[in-house]
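Reader: I should like to understand how the terms used for a protein model are justified. May we go through them one at a time?

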Amino acid sequence: MRPALLNPLFRSVGSIPGIGPKISRLVERLCGPYWADILWHLPSGVNYRPVIQDLINTPPNTLGTIQVQITGHIVPPTRRQPYRILCEGAGATVELVFFNYHKSYLQQKWPEGKVIWVSGRLERQMGGWKILHPDYMTDTLDDIPVYEVIYPQSQGVGSKLLRRMVSFILSATPDLPEWLDPAFQAKHHLPFWNTALDVAHHPKTATDLLPTNPARMRLAYDEVLANQLALLLVRQQASRKKGVRIQPTGFLTDKLIDVLPFQLTGAQKRVLIEIAQDLNSESQMIRLLQGDVGSGKTIVALLAALSVIEDGYQAAIMAPTDILARQHFAKIEALCRPLGVTVGILTGREKGTVRAKILTDLASGEIQLLIGTHALFTEHVAFHRLGLAIIDEQHKFGVQQRLSLIQKQKGVNLLVMTATPIPRSLALTAYGDMDSSRLDEKPAGRQPIETRVMPVAKIPELVERLHQRIQNAPEKTQAYWICPLVDESEKTDLTAVKARYEALQKTFGSRVGLVHGQMKGIEKDAVMERFAAGELDVLVATTVIEVGVDVKSATVMIIEQAERFGLAGLHQLRGRVGRGSDKSLCILLHGSHLTETAKARLRVMRETDDGFVLAEEDLKLRGAGEILGTRQSGMPDFRMADMQTAGDLLWTATKDAQTVLSLDPKLESPRGQALRILLYLFQKDTEIQTLKAG
């Protein structure tokens, strides 16, 4: 049960006086459903509106407030022309200019001879000054703020409305007990929570908006501390849970290793030992496996699954896309068939009697290893004895999904994998509830991929050279050509994938294929199968082929408008080639106008193919905000903490949370009770469940 102290902050937005249902929905979409969500919606700017006594020495385009007397109205002959109110004040003539006006309102509200205060952007014009649509027109100066806070806004929810709501909520915000360590708070000069909120919402200068401002740092630290405490509580609870203990015999894993056409790397062997130790313990395994492109995560996952099957349990592998799930199925089923292991596949495309048969065989234990998309973990999918759940491309999912998966059956072990290396600081915030393993070694025989950068103006020359390479290569050679869009857009100059496909057909004829996200799954699979079979020389695609696609004869990757992609996306795409022993090439095509960030991104891509190095560079170039967005959608959604500029907060908060829980595992001390309030305050649902369970 939430502490009664916090009840005011968890009232609905619609309960604020003057906020009707329509505005309430718009505010919820921008900020969230509760009063607390509005408090976390911090200002992005501040306008300074000084009172100007004399306009003679005032620079043009100045934001300010002046006192004027209205001397007349100029009513235009048509609505197409602006309405003007003539004024005298601050030693000059000033015109107030209005478009989309109500003539009768302006004439009645602001009659000739009235003295008023006006605030807005002052612009010079012949013989005087003008203010286009004044921000404020009022009888008293007190109604115009000297420092006007600007908030991130959306249509229908402007800064004025947000300022009014914040002011109302701040006046009703309760005093909360202090949860910060006193020594830490004093050392960094951090204000109390209520003070920090008030200061953060009333900045005076641009400096007050920086993450290093003590008020903002206080709130950011609270947010990070809540996140770290949350993850540690989940781990603490998980460590108390008994897991399905696996005692494998080795007869399946040894057989597979013997017939593999390659030797396991040292990193793979190390990770398999770590997984085996987890599976053989009394506690439930919750482990993250990070591995760069081509490091061999799939074979590690399969060997882990076989060790579970050896002990009479089932395993499941979940992939984020239908294409990747079917590719996993094709490769894994071929390896498992000689071992006598039954492998099934379940995605949204299996329907009717086919689906019913799969579900029956799964429930009876006939299917020992099930591969599919998130459809695997819906309620009606019942396993006979699930011992291990494996999630591929884990960045698509967050903490809550992880918990729901291991609750499929009691004690299910969980292995999650990502081919997108994550900066250490961000990995800790997203996966602090998990043990972590790294595959930091690539299989022997893999040649480095040569990366070149060239302008899009060279596309005709590039097409000709590509054609010659494919025609004259001693071995079968294929190429990917990646474009970001599906259709031409008036808002962007990106080359559409359909247009590129049609252009390449002029050179390669029918040996060009097209794959994009708007195609039906069965259509995409048909094209991918033709490409994998060597029937197509060039595959034009969007980023739908970004992860998992494995065609060894594909040795050329061309990425058009590469400056539009992040480093993680570029690295994933580059990893689609270089899967075999032949020399591979990645060509990054860029537009004519590159920002400094884009130049740096392309330079880094050319200099290194180490995904972990690229992940750290991506954080530096883009900032945590972008990385915590769609690309890493399983990452926590920080609203106040800027992990790029205030990264030290993370490490301090982690240590602080660890210290608290080591001394007070049930959060029963005075500070522990205050930290419980912090968790509720930041709506860490995962923790709230954990606290209730504890």
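Author: Certainly. This is a predicted model, and its protein chain has 24 helices and 21 strands.

Reader: What makes residues 297-310 count as helix α10?

Author: A helix needs a DSSP run of at least four residues. Helix α10 has 14 residues, so the requirement is met.

Reader: How do you know that the span of α10 is close to the expected one?

Author: The expected span is 1.5 Å times one less than the number of residues. For α10 this gives an expected 20 Å, and the helix reaches 20 Å from its first C-alpha to its last.

Reader: Why is α10 called mostly covered?

Author: A residue is buried when its relative accessible area is under 20%. In α10, 13 of the 14 residues are buried, and therefore the helix is described as mostly covered. In the protein chain, buried residues make up 54% of the 694 residues.

Reader: What follows α10?

Author: Just after α10 comes Gly-312, which takes a positive phi of about 90 degrees.

Reader: Why is the pair Arg-163 and Glu-148 called a polar contact?

Author: The cut-off for a pair of N or O atoms is 3.5 Å. The side chains of Arg-163 and Glu-148 are joined at 3.3 Å, so the pair falls within that cut-off. Arg-163 itself lies in helix α4, residues 159-172.

Reader: Which other residues does Arg-163 touch, leaving out those up to four places away in sequence?

Author: Besides Glu-148, Arg-163 touches Tyr-136, Val-149, Ile-150 and Tyr-151.

Note on methods:
Residues numbered from 1 in each chain as written. Predicted model: local features only at pLDDT ≥ 70, side-chain atom pairs only at ≥ 80, totals over all residues. Heavy atoms only, no water. Helix = DSSP H or I, 4+ residues; strand = E, 2+ residues; numbered from the N terminus. Buried < 20%, exposed > 50% of the residue type's maximum accessible area, 1.4 Å probe, protein only. Polar contact = N/O pair within 3.5 Å; in protein donor to acceptor, adjacent residues only side chain to side chain. Contact = heavy atoms within 4.5 Å.
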